[in-house]
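Welcome! Open the structure in your viewer, keep the selection tool at hand, and follow along one stop at a time.

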Amino acid sequence: DKAQFPSVPIDPRSEIRTVHEFFADEAAEKGVTLIEDCRETGPIMADRDLFKQIIANLIANALKHTSSGGQVRVSCHRVSHDVVIEVTDTGAGIAANDLPHIFERFFRAGAPAETSGLGLGLAIVKSITELYRGGVSVTSEPGRGTAF
């Protein structure tokens, strides 16, 4: 049996707003429009800090790969028994041959000179979502943007 991880009822919309506010200045400095577009979902069972870590990692990645004039949107809504949270950007996108690897630890897409960080953010996102029996997926179009 899997180890138990702390879960309390949290409001995804409220937690996403907190993370959104944290990144507002960074987005403004970059000239990127950061949009929070969450509908009421009702509570979910999760660890508050780990949930915010997921959202923060996805927003940080989106901001890193989106140029001035671009947009990063965080949305959430309920679909049946699930809450769907989407972080989309109008950034550089991810090459099709890199997509299968982006959740691997230490994998960094693009030329090494263009990327910063350890390549752990998305691996952490995947690990946390799976601990809570969730899932994470990605679609991307080079030059058009990415959606997680």
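Start by selecting T90. Is this residue buried or exposed, or something in between? T90 counts as partly exposed, because its relative accessibility is 42%, and a residue is called buried under 20% and exposed over 50%. Bear in mind as you look around that this is a predicted model.

Stay with T90 and trace the chain on either side. T90 sits in the loop that runs between β5 (82-89) and α3 (121-131). Now show what surrounds T90. Setting aside neighbours within four places in sequence, its contacts are T66, G70, Q71, R144 and G145. Zoom in on Q71: its backbone nitrogen is 2.8 Å from a polar atom of the T90 side chain. Then add G143 to the selection. G143 is 53 residues from T90 in sequence, but the two C-alpha atoms are 8.0 Å apart in space.

Next, select D89, which belongs to strand β5. Where is the nearest side chain of opposite charge? That is K30, 9.7 Å away, and D89, although buried, has no salt bridge. What the D89 side chain does reach is the backbone nitrogen of G91, at 2.8 Å. Beyond its neighbours within four places in sequence, D89 is in contact with A62, T66, Q71, V72, R144, G145 and T146. You have already met some of these names: T66, Q71, R144 and G145 are among the contacts of T90.

One of the D89 contacts, A62, leads to the next stop. Select residues 48-64, helix α2. How far apart should the ends of this helix be? With 17 residues at 1.5 Å a residue, α2 should span 24 Å, and its end C-alpha atoms are indeed 24 Å apart, so the two agree. Colour the buried residues of α2: F51, I54, I55, A56, N57, L58, I59, N61, A62 and L63. As you look down the helix, remember that an α-helix has 3.6 residues a turn, so residues three or four places apart point the same way. At the start of α2, pick out D47, where a side-chain oxygen comes within 3.1 Å of the backbone nitrogen of D49.

For the last stop, show the cysteines C38 and C76. They form a disulfide, with their sulfur atoms 2.4 Å apart. This pair joins distant parts of the chain, 38 residues apart: C38 is in strand β2 (residues 33-38) and C76 in strand β4 (residues 71-79). Both C38 and C76 are buried. The disulfide count for this model comes to one.

How values were computed. Residues are numbered from 1 along each chain as its sequence is written. This is a predicted model: local features need pLDDT of at least 70, side-chain atom pairs count only at pLDDT 80 or more; totals for chains, interfaces and linings use all residues. Side-chain values use heavy atoms; hydrogens and water are left out. Helices (H or I, at least four residues) and strands (E, at least two) are DSSP runs, numbered from the N terminus. Buried means under 20% relative accessible area, exposed over 50%, partly exposed in between (1.4 Å probe, protein chains only). Contact means heavy atoms within 4.5 Å. A polar contact is a pair of N or O atoms within 3.5 Å; within protein, one must be able to donate a hydrogen and the other to accept it, and residues adjacent in sequence count only if both atoms are side-chain atoms. A disulfide is a pair of cysteine sulfur atoms within 2.5 Å. Lys and Arg count as positive and Asp and Glu as negative; His and the chain ends are not counted. A salt bridge is a side-chain nitrogen of Lys or Arg within 4 Å of a carboxyl oxygen of Asp or Glu. The expected span of a helix is 1.5 Å times one less than its number of residues.
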